[in-house]
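Colleague: Before I use this model, I would like to know what stands behind the labels attached to it. Please give me the value and the cut-off each time.

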Amino acid sequence: GYFLRDGAIGSYSFHYGFESAVVASLAHGWPAQNLLLGDVPLSYHYAVHLWIFAAHEYTGIDIGVLASRLGPVFFCIYACGIVFAFSRSVMKLPCWAAALLVVAIFWIVGVPPISGAIFGTFTPYAALLIMSPSFAFIIFFILLTFVLNNLNNGGSQIGTAALIIGLVSFAATGARAVAPPIFLCALGLLWVVELWRGSRLVMKLSIFAIACALGFVAGLFFFFTLRTGVSGVGIVTITGQPFTFLVGPDQNVLTLPHLLMDLRISPLAAAIVAFAVMALFQAGFLVPGFFCEVFAFKRSWTHTEIALLGTSIAGICAAFVTVAPGYSHLTFLQYSNIAMSMLGAHGLSRVVSLGKAEGFRGRKILVLATTGGLFVLQLGQLPLESLAWLGDHLGRTASFLRPSQYGSPATQPLAQCMKGVDGSDLLSLVSKMSDDPIVIILSDKLDGDCESFWLTARYAIPTIGGYPLKYLGSQVRRDDL
């Protein structure tokens, strides 16, 4: 409902400019240099940007169009598909439950006032802003499917399996560095449970965990230039508790702590309540099914359920004991959102399949009614103005599908911060003055960082701007500039 609609702060324009500049850095040469920070090495999870760069080289489509239109939509749709496929093929969910699962996670793009700002579930918004979360979800569930298949059916030889896990973990680090640690935690819970059961799978799980860890470390050295002086890993701070972040004056996305403090509740109590609410409602309207899955059914847990529970716990814990610029640490929480929703969909399907089982009818009605109420609450956050806009532009959308009949419609600018901005004369003059110039861009706009990102991406000239200096400047030595 909020899809690609830039608000007053221009979030989409800002982030798409940054992503385009990363792709331009890859196109500038190898080893990749960070064009936004002079000739400092690029330290970022840029696997998805390599894909965008390859698509640009192969198709000739402009980098900005790929990074701000085609790429985000493609990878988000693919992430929806991989979640649906995993729930059908691995979890054996019925089609209606798998569809509800996708709706619960991906239906609203934005930060809705309840499910986003209070419950902290805005997975598709982050996935469309920066692409890399979607790419990481795809790799994560491919890796999880491979491991679960190997544990359940034997699969390939353990050495071959470990090599595959290491390579895919390396790729996952390049997609989004939070994915391998979450996966290691899922393997860790499986390892503990199998050890308690006295299973022979403990050794295999140990080898798989080592392979995953090695792939992760190799990915940190390759993508994040670990131990080179300037590394993106250094911007992450481990706080050990969530309360300082939640009640911080600069934290304006998660609104519940501040609402509670406005009611004169102490900051610590407000943070505790907000944390508990977010942890409980990561499954969205599927939370009743989640509680049924975890507490109501007495049976031996499968490897899939244990891995998803481990993913849920790890995502919640990691999101709130770390802090990173731009709320990047909340990427951990997205894995909890997906895993808990999967467990919730599985629990709901089990409740429905019980039929008229004796002693459970009343609880079944309660679960279904609660799920329905939460469904209406969550889907009711779709803004009417967005739905009206969609209806008004259906004809324009059709013109894209039939260009021979309607002609090519006028396209919207890729970034609102670039309206009326043309740096071609100035930047072409700079390129003539030096073989390897570095430009300091000073803007008189409030969204000056957005403007500098797009200028850097468009003209592929090394620049120095305020945004990268703010977060990486303390790591840059004088000799690096």
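Colleague: Why is Met 131 called buried?

Modeller: The label rests on relative accessible area, where buried means under 20%, exposed over 50% and partly exposed anything in between, with a 1.4 Å probe and protein chains only. Met 131 has a relative accessible area of 0%, and therefore it is buried. Met 131 is placed in the loop between α5 (123–130) and α6, and its phi is near 65 degrees, a positive value in a residue other than glycine. Elements such as α5 and α6 are DSSP runs numbered from the N terminus (H or I over at least four residues for a helix, E over at least two for a strand).

Colleague: What kind of model is this, and what are the ground rules?

Modeller: This is a predicted model, in which local features need pLDDT of at least 70 and side-chain atom pairs count only at pLDDT 80 or more, while totals for chains, interfaces and linings use all residues. Residues are numbered from 1 along each chain as its sequence is written, and side-chain values use heavy atoms, with hydrogens and water left out.

Colleague: What makes Arg 264 buried or exposed?

Modeller: Its relative accessible area is 81%, over the 50% limit, so Arg 264 is exposed. Arg 264 lies in the loop between α11 (256–262) and α12 (267–280), and it too has a positive phi, of about 70 degrees, although it is not a glycine. For the chain as a whole, buried residues make up 51% of the 481 residues, and the secondary structure comes to 22 helices and four strands.

Colleague: How many residues are in the largest nonpolar core, and which of them touch the most other members?

Modeller: A nonpolar core is a set of buried Ala, Val, Leu, Ile, Met, Phe, Trp, Tyr and Cys residues joined through side-chain atoms within 4.5 Å. The largest such set has 133 residues, of which Phe 141, Leu 144, Leu 308 and Met 342 touch the most other members. Helix α6 (residues 132–153) gives the most to this core, with twelve residues. Apart from this core lies another one, of five residues, among them Val 439, Ile 441, Leu 455 and Ile 461.

Colleague: What makes the pairing of α6 with helix α14 (residues 303–321) a packing of two helices?

Modeller: Two packed helices are described by the angle between their axes and the distance between the axes. Here the axes come within 10 Å and cross at roughly 145 degrees, where each axis is a line fitted to C-alpha atoms over the stretch in contact and the angle, from 0 to 180 degrees, is taken between N-to-C directions. The contact (heavy atoms within 4.5 Å) is made by residues including Phe 141, Leu 144 and Leu 148 of α6 and Ala 307, Leu 308 and Thr 311 of α14.

Colleague: Why does Thr 311 of α14 count as buried?

Modeller: Thr 311 has 2% relative accessibility, which is under 20%, so it counts as buried. Leaving aside residues up to four places away in sequence, Thr 311 touches Phe 140, Ile 182, Ala 186, Tyr 335, Ser 336 and Ala 339.

Colleague: How do you know that Cys 212 is too far from the closest cysteine sulfur for a bond?

Modeller: A disulfide is taken as a pair of cysteine sulfur atoms within 2.5 Å. The sulfur of Cys 212 is 9.8 Å from the closest cysteine sulfur, in Cys 185, and is therefore too far for a bond. The sulfur of Cys 317 also has Cys 185 as its closest partner, at 8.2 Å, again too far for a bond. By this rule the count comes to zero disulfides. Cys 212 is buried at 0% relative accessibility, whereas Cys 317, at 44%, counts as partly exposed.

Colleague: Why is Asp 39 called partly exposed?

Modeller: With a relative accessible area of 28%, Asp 39 falls between the two limits, so it is partly exposed. Asp 39 is in the loop between α1 (11–28) and α2 (47–59), and its C-alpha atom is separated by 8.2 Å from that of Ile 438, 399 residues apart along the chain. Beyond four places in sequence, Asp 39 touches Gln 33, Asp 436, Ile 438 and Pro 462.
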